[in-house]
2 protein chains.
Amino acid sequence: MSPLPAPAVPRPPLRVALAGLGVVGGGVVRLLQANRELIARRAGRPVAIVAISARDRHKDRGVDLSPYRWEDDLGALVAAGDVDVVVEMIGGADGMALTLARQALGSGKALVTANKAMIAHHGLALARLAEERDTPLKYEAAVAGGIPVIKAIREGASANEIARVYGILNGTCNYILTRMERDGWGFAEALAAAQAEGYAEADPTFDVDGIDAAHKLSILAALCFGTKLDIGAVTVNGIRDIIAADIREAEALGHRVRLIGMAERDGGQGNGALYQHVQPCLVPADHPLAYVPGSLNAVVAEGNFVGRLFFEGAGAGAGPTASAIVADIIDIARDEYGPAFAMPVDALDEAPAADAGARVGKHYVRLVVEDRIGVLAEIATAMRDAGVSIESFIQRGTDDETGAVVIALVTHEGPARAIHAALATLAASDHVVGAPMHMPILAL
Amino acid sequence: MSPLPAPAVPRPPLRVALAGLGVVGGGVVRLLQANRELIARRAGRPVAIVAISARDRHKDRGVDLSPYRWEDDLGALVAAGDVDVVVEMIGGADGMALTLARQALGSGKALVTANKAMIAHHGLALARLAEERDTPLKYEAAVAGGIPVIKAIREGASANEIARVYGILNGTCNYILTRMERDGWGFAEALAAAQAEGYAEADPTFDVDGIDAAHKLSILAALCFGTKLDIGAVTVNGIRDIIAADIREAEALGHRVRLIGMAERDGGQGNGALYQHVQPCLVPADHPLAYVPGSLNAVVAEGNFVGRLFFEGAGAGAGPTASAIVADIIDIARDEYGPAFAMPVDALDEAPAADAGARVGKHYVRLVVEDRIGVLAEIATAMRDAGVSIESFIQRGTDDETGAVVIALVTHEGPARAIHAALATLAASDHVVGAPMHMPILAL
C-alpha cells in the first residue's frame, strides 16, 4: 500500500538532467548546490545533477558547471541511461522544448517543466503520454512562480468543489499597475520603469496583453474544474488601454485596478459552462488582492467547504521559479506524485465556453469626452437604451491641455452584453475621444 | 518507480472509519456525501465511510448516518477488517484520542487527525509508530484549519532552507483583536462578543492564552526546520493584558496588534538554536498579516530561494476543517504521502532552545502611570539604566475617570532582556498602575 522508504536501506540518488541554462536554469543549479544536504534529508535520497545542456557552452553563468556532463545534443541528454528526470527550461510552446518533453516522457523519464505556454497548448497530450508511460509530468513553476498553487489546488483543496479560481497571475502587469497607482503615472511611463527594472521584456506583448496570464489561467481552470485544458477558450484583454485617470477614479470609488485571470464554473449562469477571462478589473479595497504589491502574484480559490483560500508570493525570478521546480523534483524523489491534472486525461470533462456577454456584474466605465453641452445626455441615453443602470458617476473638471473631460461611472448589476452595446454606440459618437474603457468589478 | 494508478483497472474504494462526530465529524460526513463523485474522480477511487463511532448514538447531527455501521467501542472500530483509514476527531492531547491513534497506527492502519494538541505532545511517538508499521499519519487540519499549510511547507517549499515561519494561528484571538481595533473595545467586551458569536469557548483559556497557537507553532517549526517537535520549548504569552489604548497607540504608530506564533532558526543569533514564541506583536501596516480580518488564519514562510510565501484562509469551523481532513484522505487514496514530518523521526535534529532574552528587535512598551511630576523622568531613567534606547514616545492627556495617563513608546533595536529589566524596575514603582505591557515589533 505504501511508498514510504524503508529507513534502513538508503535509496539511490535521483539523477537529474537540466535542459536550458538561462536565468531559471542557473537558479536551479544554484539551489541544488546550496541546499543539497537539506534536500537529501527531505527527499529521503540525494538529488544529483548528472547532465546539462544549453545553447552556449562557454557563457559564464556565475555557477560552477564543471561537475556535470555537458551534452550538446538534447536527444542525447534525454536518452542517457543515467538520467531519471529531465527538467525543461528552454521555453516556448513548441519547438525544442516540446520535442524534448515528448522524448523524455515517451522514453518513460520524468519531466519537470516551468513552461506555461507549452503546458497551456500541449499539456493534455503530454499528460496522456506520461500516463501511457507511467511516468510523472510536473509543472508547479508554470503557474505563479514560487507559490505552490498547483499543489495547493491539486491536493490541498482536493476535497472541494471549486466555484471560482482567480488571481494576479502576471507580475509585470501588477508592477506596472501598482507603479501607476503609487506614482500617478500613465501606462507608458510605468512600462518604461518596468523595463528598466527588468520586470518587463523589450517586447512586453506576452505580459501586458495578458497572454502569459491566460496560459496560467487555463492550467488552473483544468485543475480546479476537472476539465480539459482549453487555452483557446480564454478571452484576453490586457492593460495597455488603462490611463492614469482609471487608477485615480477606481481609488475614488474604493477600488484598485488589477489584471485578473478568472475561471468560474457556470460563469454565474448555472449551465455547467466554463467562463475563463483575463482582464483588468476593479478589486474592492477590502479584498486581499487589492494589497498585492509590485511584482508579486496571488491566487484565490473558493471551495464549497473550505471557503476562500488566498496564496501570495513571488511569481517569477530565478529563486522562486527554481524553488517550484525543485519541489517537483523532490516530490518525484519521494514517489509522491500522480496524474498531472489530478485525474487521467480521459476522466477530464469537456466544458463548453460560457457566454461572456451573459455574465452579470457591476462594471466600471470610463469615457473621455469633449467638454460641450449635450454630451452627458448622449451618454445617459446610450446607457438607458442598452438597459444599463448607473449606480454612481464622477465627472472631474476639464483638462487644461486637451480640453477633454473624463467621465467615470459604475453600473448596477447587469449583463456584460449591455455594457458592450452601450459603449459601441458611444464609441461611434463624435464627442467621445478615443475608445471607451470598461472593467468588471470583482464580486466578493 | 511509480504509484500512478493503471487507468484500466478500477481501484477498490478506500474505506474510512470516523471516530468522533462533533462539529468537525459532522462536517466530514457532509463533505464526503456532498462531494462524493468529485472525490472519487480526483482520488482515482471511491472514498467510502464504512463505520462511525461517537459518544452519543442518538444525538441528531443533521446528517444521515444510517448508511454507516455504528460501533460503540473505539477498539472495535479500529480493529474492523474493512477499515483502511481511521479519522480521529475526538480531541484532547491524551486519553481516548491517543489510545485510538496508537491502536490505529499500531495495527498498520492509516491515521488522519485534526488534533493539534495530540500531535504537539505525541507527534514524534506517533510518527515513529507510523514508520514502523509503514502506514500514513496525516494531520493537515491540525494547523490553520482549511489552509493547506502543512502540505505547502512539507512539499511546496521543500526545496528551501526556511529562515522564519510565523503567522496568525488562532482565529479566536484574531477575532477579538480585530473587534478591539474596529470597535475601540477593551479585551473583555471583545471576548464576550467572540463568545456570543461562537468564536470563543465559555472557558477561553486555550485560545486567548496562546496555548492552541503554541501547539500549531510547534508542529510548523518541526516541519520547517527538520527538528524534533518540542512543545515544551515554546514560550507563550496570550492577549488578556492588551487594553484598548494598546490597539489605538499601535495604530498611531503605523501598526496593528496580532497574536503571532513565530519560529526562527538561530533566533537571529547565528547559533543554530530555535526560537519559538507565541505572543502579541505589532505588525507593520504594510505587512500582509496586518490585513487578516476576523477569525481567519494566515501563515508566512520565508525561504532562501522562494522568498516570502503567504497563505490565508479559514482556520477553524466544520467546513474548512473537513476540507483539510478529506484532503489528507485523498492523498492516502492516491498513495501520495510519506513520512509525517517530511523525514524519518530519527533524521530530525535536536535543536536547543534559543535564548529569547538575547533576541534583538524593536519593542512597543505601554505603561499606565499616575499623572504626577517626575514620572516621566522615572521611566526615562529606568530605560536608560537598562540600556534601552527610545525611538518614539506618545503621551495622551489624563483619563477623566481614573486620573491615570497612558504612555506608549517604541524602542530602537535592542535585546528583549533589556526591556524586561527596565519593565521589572518600573513595575515596582509606586507611580506605575498595573503591569507594564510590551510587545515586539515584527521585523520585515
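**Exercise 1.** Which residue is the bridge partner of Ala17(B) in β4(B)? Place the answer among the pairings of strand β1 of chain B.

*Solution.* The model is predicted, and for that reason local features need pLDDT of at least 70 and side-chain atom pairs count only at pLDDT 80 or more, while totals for chains, interfaces and linings use all residues. Residues are numbered from 1 along each chain as its sequence is written, and chains are lettered from A and ligands numbered from 1 in the order in which they are written.

Start with the elements: helices (H or I, at least four residues) and strands (E, at least two) are DSSP runs, numbered from the N terminus, and two strands pair if DSSP finds at least two bridges between them. Strand β1(B) covers residues 14–19, and 4 bridges join β1(B) in the parallel sense to strand β4 of chain B, residues 85–88. Within β4(B), the partner of Ala17(B) is Val86(B). With strand β2 of chain B (residues 47–53), β1(B) also pairs in parallel, over 6 bridges, and there Leu14(B) stands opposite Val47(B). Finally, 5 of the 6 residues of β1(B) are buried, where buried requires 20 or more other C-beta atoms, placed from the backbone, within 10 Å of the residue's own.

**Exercise 2.** Determine where Ile219(B) lies and what it touches.

*Solution.* Ile219(B) belongs to helix α10 of chain B, residues 211–225. Because Ile219(B) has 27 C-beta neighbours inside 10 Å, it counts as buried. Leaving aside residues up to four places away in sequence, Ile219(B) has contacts that include Lys116(B), Ile119(B), Ala142(B) and Leu229(B); contact here means C-beta atoms, placed from the backbone, within 7 Å. The C-alpha atoms of Ile219(B) and Ile119(B) are 7.4 Å apart, although 100 residues separate the two in sequence.

**Exercise 3.** Describe how chains A and B are related and how they meet.

*Solution.* Superposing by least squares on the C-alpha atoms of residues with pLDDT of at least 70 in both copies, one lays chain B on chain A with an RMSD of 0.0 Å, by a turn of 180 degrees and a shift of 0.0 Å along the axis. This is the relation of a two-fold axis.

Next, the contact takes 60 residues from chain B and 60 residues from chain A. On the side of chain B, the elements giving two or more residues are α2 (36–43), α6 (149–156), β12 (307–314) and α12 (318–333). Since 100% of the interface residues of chain B are also interface residues in chain A, the copies meet through the same surface.

Lastly, β12(A) and β12(B) run antiparallel and are joined by 3 bridges, with Phe311(A) paired to Phe311(B).

How values were computed
Contact = placed C-beta atoms within 7 Å. Buried ≥ 20, exposed ≤ 12 C-beta atoms within 10 Å, placed from the backbone.
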